[in-house]
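User: Please give a close reading of one part of this model, in a single connected account. I would like backbone geometry, burial, side-chain contacts and packing to be treated together.

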Amino acid sequence: MEWAGIMMDGSTDLHFFDTGSVTAQRYRDEVLEPYVCLFRGVVGPDFIFMDDNAPCLRALLIDDFLETENIQRMSRPANSPDLNPIEHVWDMFGRQIAALSHPPSSVTELKRSLRETWNRFSPQTFIIS
């Protein structure tokens, strides 16, 4: 499982959840604290965070953490992936991985291919029109 964040002028690094399920605690510890809090600090009070409606992201632990950190979450209807720009980026990303001429034959090769493909996206990829 991987996670990445996008913004108007770029993206975060690709983050891998190496083993096990993505729980609310792992999401808080591995994504919200190191990535989202950092960007909120840089952007300032106008920062609005958008995630999807996955159950582990809607846990009380996450709601409490975002409130404690004064991070405003964008609200949107459930089951509306077309309203989340990252879903379109994941689609492009998946198509590029599927089109690799030499599919990865190990987890290490897969991670390398995923990172290389992700890093080839230009900041213009993430501009919402």
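Analyst: N70 sits in the loop that links α2 to β6 (72-73). The model is a predicted one, and every value below is computed from it. The phi angle of N70 is near 55°, which is positive although the residue is not glycine. Most residues other than glycine have a negative phi. N70 has a relative accessibility of 66%, and because the threshold for exposure is over 50%, N70 counts as exposed.

The helix before this loop, α2, spans residues 60-68 and packs against α1, residues 24-43. Two packed helices are described by the angle between their axes and the distance between the axes. For α1 and α2 the angle is about 25° and the axes lie 10 Å apart. Because angles under 35 degrees count as roughly parallel, α1 is roughly parallel to α2. The crossing of α1 past α2 is right-handed. On the α1 side, the residues that meet the partner helix are A24, Q25, Y27, R28, L32, E33 and C37. They are met from α2 by L61, I62, F65 and L66. Sorted by class, this contact comprises 8 nonpolar residues, 1 polar residue and 2 charged residues.

Helix α1 also holds R26, a residue absent from the α1 list just given. R26 has a relative accessible area of 18% and is therefore classed as buried, the limit being under 20%. A polar atom of the R26 side chain lies 3.2 Å from the backbone oxygen of S21. With neighbours within four places in sequence set aside, the contacts of R26 are F17, D18, T19, G20, S21 and V31.

V31, a contact of R26, is also touched by H15. H15 belongs to strand β4, residues 15-16. At a relative accessible area of 15%, H15 falls under the 20% limit and so is buried. The side chain of H15 makes a polar contact of 2.9 Å with the side chain of E30. Not counting residues up to four places away in sequence, H15 touches M1, E2, W3, E30, V31 and Y35.

Taken together, H15 and R26 are two buried residues, each with a polar atom pair described above: H15 with the side chain of E30, and R26 with the backbone oxygen of S21. N70, by contrast, is exposed.

Notes
Residues are numbered from 1 along each chain as its sequence is written. This is a predicted model: local features need pLDDT of at least 70, side-chain atom pairs count only at pLDDT 80 or more; totals for chains, interfaces and linings use all residues. Side-chain values use heavy atoms; hydrogens and water are left out. Axes are lines fitted to C-alpha atoms, for helices over the stretch in contact, and angles run from 0 to 180 degrees between N-to-C directions. Helices (H or I, at least four residues) and strands (E, at least two) are DSSP runs, numbered from the N terminus. Angles under 35 degrees count as roughly parallel, over 145 as roughly antiparallel, 65 to 115 as roughly perpendicular and the rest as oblique. A crossing is left-handed if the near helix is turned anticlockwise from the far one by less than a right angle, and right-handed if clockwise. Contact means heavy atoms within 4.5 Å. Ala, Val, Leu, Ile, Met, Phe, Trp, Tyr, Cys and Pro count as nonpolar, Asp, Glu, Lys and Arg as charged, and the others, Gly among them, as polar. Buried means under 20% relative accessible area, exposed over 50%, partly exposed in between (1.4 Å probe, protein chains only). A polar contact is a pair of N or O atoms within 3.5 Å; within protein, one must be able to donate a hydrogen and the other to accept it, and residues adjacent in sequence count only if both atoms are side-chain atoms.
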